Amino acid sequence: MTVKKLLITLALLLPLASYGQSISSAQIQQFKQLPRAQQESLARQYGVDLNSLTGTSSSSQRPQRVEVVEPVSDIADEEQKRAQAEKEKEDEQAEKNDGLRPYGYDLFAGNPTTFAPVTEIPVPSDYTLGPGDVLRIQLWGKENQNLELAISRDGSISFPESGPMSVAGLSFDEARQQIKKRVSEQYIGVEASVSLGELRSMRVFVLGEARNPGSYSVSSLSTITNALYVSGGIKQTGSLRNVQHKRDGKLLGTLDLYDLLMAGDSSGDDRLQPGDVIFIPAVGKRAGIDGEVYRPALYELKGENTLAELVEMAGGLTPQAYPQRINIERTNEDFLRIIAEADLTTPKGRQARIKAGDKVDIPSISDITGQYVEVTGAATRTGKFAWMPGMRVSSLLQNLDADLMPTADKRYAAIVRTDQETDTISVLNLRLREAIRQKGGNEDLLLEEKDRILIFSDAGKVKGGEEGRNFTRESLFSPVLQRLKTQASPANPQQTIRISGPVRYPGEYPMPATRNLSDAVFVAGGLKDSASMYQAEVARYTIDENGVGQTRILNVNLADAMAGNTNVQLESRDRILIKSIPDFARTRTVELKGEVRYPGQYTFRDGETLKEVLERAGGLTENAFPKGAVFSREKLRQLEAQRLREAEERLQGDLLGVQLEGDNFSGQSAERTQEVQNLLEEVQGSKPVGRLVIDLASVLNDPDYQSIRLQDGDALTVPTIPQSVTVFGEVQFPTSHLHQAGLTVDDYLERSGGPTRQADESRVYVVKADGSVMLPEKSRWFGGRSQQLEPGDTVIMPIDVDRLNQLELWTNVSQIVYQIALGAAAVGNL
């Protein structure tokens with residue numbers, strides 16, 4: 001290639017890169033004559049799309065699919081909010097129409113982005129060419145070229161080395177024939193193939209009840225439905241049966257979308273031209289149809305519609321439909337809703353006129369004839385099933401595992417039967433497992449029309465949150481019992497009973513058909529193991545010969561009744577009491593801890609004493625300290641806890657009173673408040689022990705000592721022989737001291753640093769190891785505070801309440817706290 005030729009090529013490319021629309025076809029053809037390698041090099045250098053210049057993109061690559069409608073999830077936030085608001089409005093409107101929604105509007109569900117028809121579809125031969133369309137011409141034979149010739153604004157295309165040719169206004173087939181003729185005349189030995197490339201776009205208007213009214217750019221191949229897609233479809237307030245196509249203010253035609261939706265007829269879907277208007281008027285008259293049709297919905301009426309036409313629009317009747325008694329609900333001239341009936345099997349019924357606002361209900365065969373049975377409750381398949389003569393329970397429920405929920409009670413079910421003549425109900429008990437296992441047997445009961453089988457849940461199988469919790473005997477029997485009570489009369493007393501006591505499901509039940517006590521127990525889930533088989537009671541309300549009501553008590557041997565060896569027959573409103581075995585499975589225990597030969601938790605007999613249990617436990621060890629034994633009792637622990645709560649409440653009141661009094665005692669208000677606060681915290685932190693003061697040595701060795709009869713929850717803690725004396729309360733250093741013979745109360749107080757400023761030295765007392773309290777100043781046994789102490793004793797120095805405004809409660813509370821602390825310490829030190 002010469003330098004001059006290359007420069008010419010560059011001159012072609014430079015304006016091409018910036019002003020692609022001004023490049024002539026001759027210049028492009030000159031560029032195409034360059035070798036392929038040079039074409040690619042120059043295209044890369046100047047950033048030009050080589051495929052767009054050579055016109056090979058469409059021939060070598062398949063056009064990419066363009067998405068016309070994007071999912072609702074991809075809509076912008078504003079669009080989502082608007083769509084949500086419209087949906088809520090449509091749901092609200094559907095509620096007013098008993099759940100019926102207008103038919104056909106979901107055709108346009110979604111949000112359109114652009115409408116660019118898929119380019120693989122064939123262009124019709126009668127397509128009219130216009131400015132903006134591109135013709136692809138392939139020449140082969142003596143010359144091989146691929147030309148893409150755009151139709152200019154004057155409606156012509158420019159052939160290289162041949163001049164312009166006018167094609168606008170011609171059909172595609174006519175233009176193709178003329179181009180082939182011209183090529184054959186001007187290019188000897190060359191043939192041509194003509195196809196359409198890029199199509200022109202045009203602007204149309206979608207107005208009226210469109211979801212997004214406005215003007216839209218669409219392809220020149222677009223039809224009315226294409227433009228409706230672009231605008232997002234039709235609102236539910238717009239008509240689907242009268243979509244108008246207008247041009248220059250004149251109505252060209254209407255599109256009935258029902259023809260397209262129901263019959264696939266698109267003959268009215270006309271092709272659009274630039275400036276066309278699609279106008280969607282308000283919806284016309286509507287009527288609803290529900291029940292046994294394939295498409296229950298609200299349908300737009302067009303002209304005078306008949307009942308047969310409305311049923312046909314709804315897809316026709318289902319096999320379960322009963323066409324002889326169709327209900328038509330409509331508004332009369334007085335604006336009142338009335339109900340009329342029509343028989344669709346007669347010519348008159350089929351021609352019945354449907355008016356705006358009518359609601360047609362197609363009933364079911366089962367609703368009219370009653371030829372059904374129903375299963376409800378803890379079954380896997382509930383609802384109505386067709387009834388046939390000779391049908392049994394096993395015909396519906398064939399497998400306990402497959403047909404029942406895992407939570408179902410597989411032993412018992414009930415059949416609620418309606419008497420066709422009197423319209424009263426009765427209840428039959430069904431031994432479900434036997435009925436399924438022995439098909440055709442005595443327990444596999446024959447079913448009658450409208451029988452309802454109740455499948456109950458087993459409370460032992462139902463966990464929290466599971467579905468079976470709603471199928472208890474109480475919930476499923478509740479409407480049945482209400483019906484039985486409503487239909488009762490003097491001639492037919494109320495057929496209900498009530499059973500209580502140790503049965504699995506105590507409560508009120510329908511009277512068993514057999515009137516046997518054993519069947520009543522079976523309905524209630526059977527006996528618990530705590531039931532006494534020797535005696536049960538039946539309380540019966542009767543009326544004597546004077547018309548006065550009275551209650552009789554019938555004693556029944558339950559074992560005989562369960563075996564069927566009694567002639568007691570249940571009557572209306574009987575109340576059955578199943579008695580429990582006294583103290584059934586009740587175990588009473590006492591816990592022995594500490595220095596016991598065999599400590600542990602012992603079960604004791606009724607009336608057994610502490611001494612007897614200790615003998616069973618091997619007695620005390622050699623290191624045991626009987627004087628310090630702590631015997632606690634649950635009942636005393638509860639009383640102690642109550643005393644602590646009362647003390648806490650009173651202390652809180654006293655604390656408030658001290659704070660309100662202010663500084664009336666020589667500037668000591670803050671100090672007194674803190675002392676009461678500390679005492680309150682001690683009360684709140686104390687845990688009740690429930691200690692009962694006993695002399696364990698006398699319990700074991702003195703036959704005249706009162707025997708301690710045990711109660712459930714008692715506990716005995718025997719400590720080891722102590723070596724210390726403890727000092728508590730208002731002393732400088734509350735602590736424990738090693739016991740030394742000869743030391744007195746004052747000696748131990750002195751060893752703890754003596755009393756504090758808040759101490760009341762006149763009220764010092766000693767708590768002995770067994771929990772008893774002695775006052776050294778008043779006790780002859782002590783002989784004053786100079787009395788010597790024993791190991792395990794505790795000296796208490798109380799607070800001086802006289803100095804603190806004579807609040808005697810504080811003394812009592814402090815004694816409670818100290819005693820509890822001593823008991824807890826004795827137990828905790830083991």
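# Salt bridges and a nonpolar surface patch

Glutamate 634 has a relative accessible area of 33%, so it counts as partly exposed. It belongs to one of the 30 salt bridges that a search of the whole structure finds. The model is predicted. This briefing covers selected salt bridges, then a nonpolar patch.

**Helix H20 and a network**

- Glutamate 634 pairs with arginine 637 in a salt bridge, at 2.4 Å from N to O.
- Both residues lie in helix H20, which spans residues 634–661.
- They are three residues apart there, so about one helical turn separates them.
- Arginine 637 is partly exposed, because its relative accessible area is 23%.
- Lys627, Lys768, Glu790 and Asp793 are joined into one network by salt bridges that share partners.

**Helix H7**

- Arginine 176 and aspartate 173 meet through their side chains in a salt bridge, with an N to O distance of 2.9 Å.
- Helix H7, residues 172–186, holds both partners.
- Their spacing is three residues, which means a separation of about one helical turn.
- Arginine 176 has 23% relative accessibility and therefore counts as partly exposed.
- Aspartate 173 is also partly exposed, at 30% relative accessibility.

**A link between distant parts of the chain**

- Arginine 483 and aspartate 423 form a salt bridge, and their closest N and O atoms are 3.8 Å apart.
- This pair links distant parts of the chain, with the two positions 60 residues apart.
- Arginine 483 sits in helix H16, residues 473–486.
- Aspartate 423 sits in the loop between strand S22 (408–418) and strand S23 (425–431).
- The relative accessible area of arginine 483 is 32%, so this residue is partly exposed.

**Nonpolar surface patch**

- Which residues form a nonpolar patch on the surface? They are Phe205, Leu207 and Phe279.
- Together these residues have about 220 Å² of accessible area.
- Phenylalanine 205 is found in strand S8, which covers residues 201–208.
- Phenylalanine 205 counts as partly exposed, because its relative accessibility is 33%.
- That value fits the patch, because patch residues need over 30% relative accessible area.

Key. Residues numbered from 1 in each chain as written. Predicted model: local features only at pLDDT ≥ 70, side-chain atom pairs only at ≥ 80, totals over all residues. Heavy atoms only, no water. Patch = residues over 30% accessible without salt bridge, like charges linked within 9 Å, V, L, I, M, F, W, Y side chains within 5 Å. Areas by Shrake-Rupley, 256 points an atom, 1.4 Å probe, with all protein chains shown as cover. Salt bridge = Lys/Arg side-chain N within 4 Å of Asp/Glu carboxyl O. Helix = DSSP H or I, 4+ residues; strand = E, 2+ residues; numbered from the N terminus. Buried < 20%, exposed > 50% of the residue type's maximum accessible area, 1.4 Å probe, protein only.
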